[in-house]
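Work through the exercises below with the sequence and the model open. Each task is followed by a solution in steps.

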Amino acid sequence: MTTAPIPFGPFVLHHRIGRGGMGEVWAGHHRAGWAEVAVKVITHVGPDDAPFQAAFRNEVRAVAGLHHPGVVRVDDFGRVPDEAADASGGALVAGRPYLAMERCEDLTLRSRVGHLDWPCAAEILRALLAALAHAHARGVIHRDLKPENVLRGRDPVRWVLSDFGVAHAVERDARPDANTLEQAALTAGTPAYMAPEQIRGDWRDQGPWTDLYALGCVAFELLAGFTPFRKASPLATLAAHLADPAPRCPHVNPAPPELDAWLGGLLAKDPGGRFQAAADAAAALDTLGPATR
């Protein structure tokens, strides 16, 4: 792969900094002003997948309207230009969708899992709930909330949500049935954090409470060091989300005695049994008592 700067529309790309199931992320800067950016190229689909391209554009337009310190700022989106594909020596494929956003630190919330005391965990959870409340009020649902999608902002006290909209665009191509449940769910989200209605593909039952279920899984993991429905295989994990009751959280550090009741308001199987809004979950979080052993 070439190491020379790659012209990329209004940006210049320098090098690839990460790769995941749906895409890869490149470091770059604006041609004008030299502000740093991170460009995520979606490699999950080919450049000729018109339904995904349309869904992706619609989702990113909605995300671009979010302006909150807890949400990664979106600068641009489009398709990989031909000149960038040529200059990359084959590392980039012309026509694939991309999303350009503010450059955060190369650190995610995954680095803090299992290492937080209750005050620090509660502070992060409040910040995530505030970001979700802002997005939900504008009709934007994340649908793939997990530690890897929470980035450390350039401000050292700031954690920001990324990858809004990408999961929903992918979900629109997934149609689960009895024979393809695992394949469809793996395509549409991350098994360890998926709400039951998301696993089943119940589109009308999905909403802010779907993100709050994922937040419950993240909160559990931050304190325990592992997710609440971990199993030996992705399919077994999906089945546990659908049928197993939420376990008590075996937190490493002291936590409030009401923690499990609060988590229960996030991890209920029935969407109607959960907190219905991020503000409700945040208000309940603030009523928890001090951490005890």
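**Exercise 1. Overall make-up**

Task: Find what share of the contacts with a separation of 6 or more comes from residues 24 or more positions apart, and describe the burial and surface of the protein.

Solution. Step 1: Residues 24 or more positions apart supply 65% of the protein's contacts with a separation of 6 or more.
Step 2: The model is predicted, and the protein in it holds 10 helices and eight strands.
Step 3: The chain has 293 residues, and 52% of them count as buried.
Step 4: The accessible surface is about 12500 Å², with 53% of that area belonging to carbon and sulfur atoms.

**Exercise 2. Confidence**

Task: Which helix has the lowest confidence, and which the highest?

Solution. Step 1: Begin with the average, a pLDDT of 87 for the protein, with 89% of the residues scoring at least 70.
Step 2: Confidence is lowest in helix H5 (residues 181-188), where the mean is 52, and highest in helix H10 (residues 278-286), at 98.
Step 3: The pLDDT is below 50 over residues 173-179, a stretch with 14 contacts in the model beyond near neighbours in sequence.

**Exercise 3. Nonpolar cores**

Task: Which residues have the most contacts inside the largest nonpolar core, and which helix gives the largest share of this core?

Solution. Step 1: The largest nonpolar core has 66 residues, and Leu129 and Trp262 have the most contacts inside it.
Step 2: Helix H7 (residues 208-224) contributes 11 residues, the largest share of this core.
Step 3: List the contacts of Leu129, leaving aside neighbours within four places in sequence: Leu212, Leu215, Trp262, Ala278, Ala281, Ala282 and Leu285.
Step 4: A second core, separate from the largest one, has 14 residues, including Ile6, Phe8, Leu13 and Ala91.

**Exercise 4. A salt bridge between distant parts of the sequence**

Task: Which parts of the structure does the pair Glu36 and Arg103 tie together? State also whether each partner is buried or partly exposed.

Solution. Step 1: Glu36 and Arg103 form a salt bridge in which the closest N and O atoms are 3.8 Å apart, and the cut-off is 4 Å.
Step 2: Glu36 is in strand E4 (residues 36-42), while Arg103 is in the loop between strand E6 (97-102) and helix H3 (118-137), so the salt bridge links parts 67 residues apart in sequence.
Step 3: Glu36 has 41% relative accessibility and counts as partly exposed, whereas Arg103, at 13%, counts as buried.

**Exercise 5. Other salt bridges**

Task: How many salt bridges are there? Compare the burial of the partners in Arg73–Asp75 and Lys146–Asp144.

Solution. Step 1: The count is 14 salt bridges.
Step 2: In the bridge between Arg73 and Asp75, the closest N and O atoms are 2.8 Å apart.
Step 3: Arg73 is partly exposed at 40% relative accessible area, and Asp75 is partly exposed at 27%.
Step 4: Lys146 and Asp144 meet through their side chains in a salt bridge with an N to O distance of 3.7 Å.
Step 5: Buried means under 20% relative accessible area; Lys146, at 17%, is buried, and Asp144, at 7%, is buried.
Step 6: Arg16, Arg19 and Glu24 are joined into one network by salt bridges that share partners.

**Exercise 6. The surroundings of Lys146**

Task: Where does Lys146 lie, and which residues does Lys146 touch beyond four places in sequence?

Solution. Step 1: Lys146 is in the loop between H3 and strand E7 (150-152).
Step 2: Not counting residues up to four places away in sequence, Lys146 touches Thr190, Tyr193 and Val218.
Step 3: With Thr190, Lys146 makes a polar contact from side chain to side chain, at 2.8 Å.

**Exercise 7. Gly273 and Asp280**

Task: Where are Gly273 and Asp280, and how far is Gly273 from Trp209 in space?

Solution. Step 1: Gly273 is placed in the loop between helix H9 (259-267) and H10, and is partly exposed at 46% relative accessible area.
Step 2: From C-alpha to C-alpha, Gly273 and Trp209 are 9.4 Å apart in space, with their positions 64 residues apart in sequence.
Step 3: Leaving out residues up to four places away in sequence, Gly273 touches Gly265 and Ala268.
Step 4: Asp280 lies in helix H10 and is partly exposed, at 41% relative accessible area.
Step 5: Asp280 and Gly265 are 15 residues apart in sequence, and their C-alpha atoms are 9.9 Å apart in space.

Terms used:
Residues numbered from 1 in each chain as written. Predicted model: local features only at pLDDT ≥ 70, side-chain atom pairs only at ≥ 80, totals over all residues. Heavy atoms only, no water. Helix = DSSP H or I, 4+ residues; strand = E, 2+ residues; numbered from the N terminus. Buried < 20%, exposed > 50% of the residue type's maximum accessible area, 1.4 Å probe, protein only. Polar contact = N/O pair within 3.5 Å; in protein donor to acceptor, adjacent residues only side chain to side chain. Contact = heavy atoms within 4.5 Å. Core = buried A, V, L, I, M, F, W, Y, C linked by side-chain atoms within 4.5 Å. Areas by Shrake-Rupley, 256 points an atom, 1.4 Å probe, with all protein chains shown as cover. pLDDT = per-residue confidence, 0-100.
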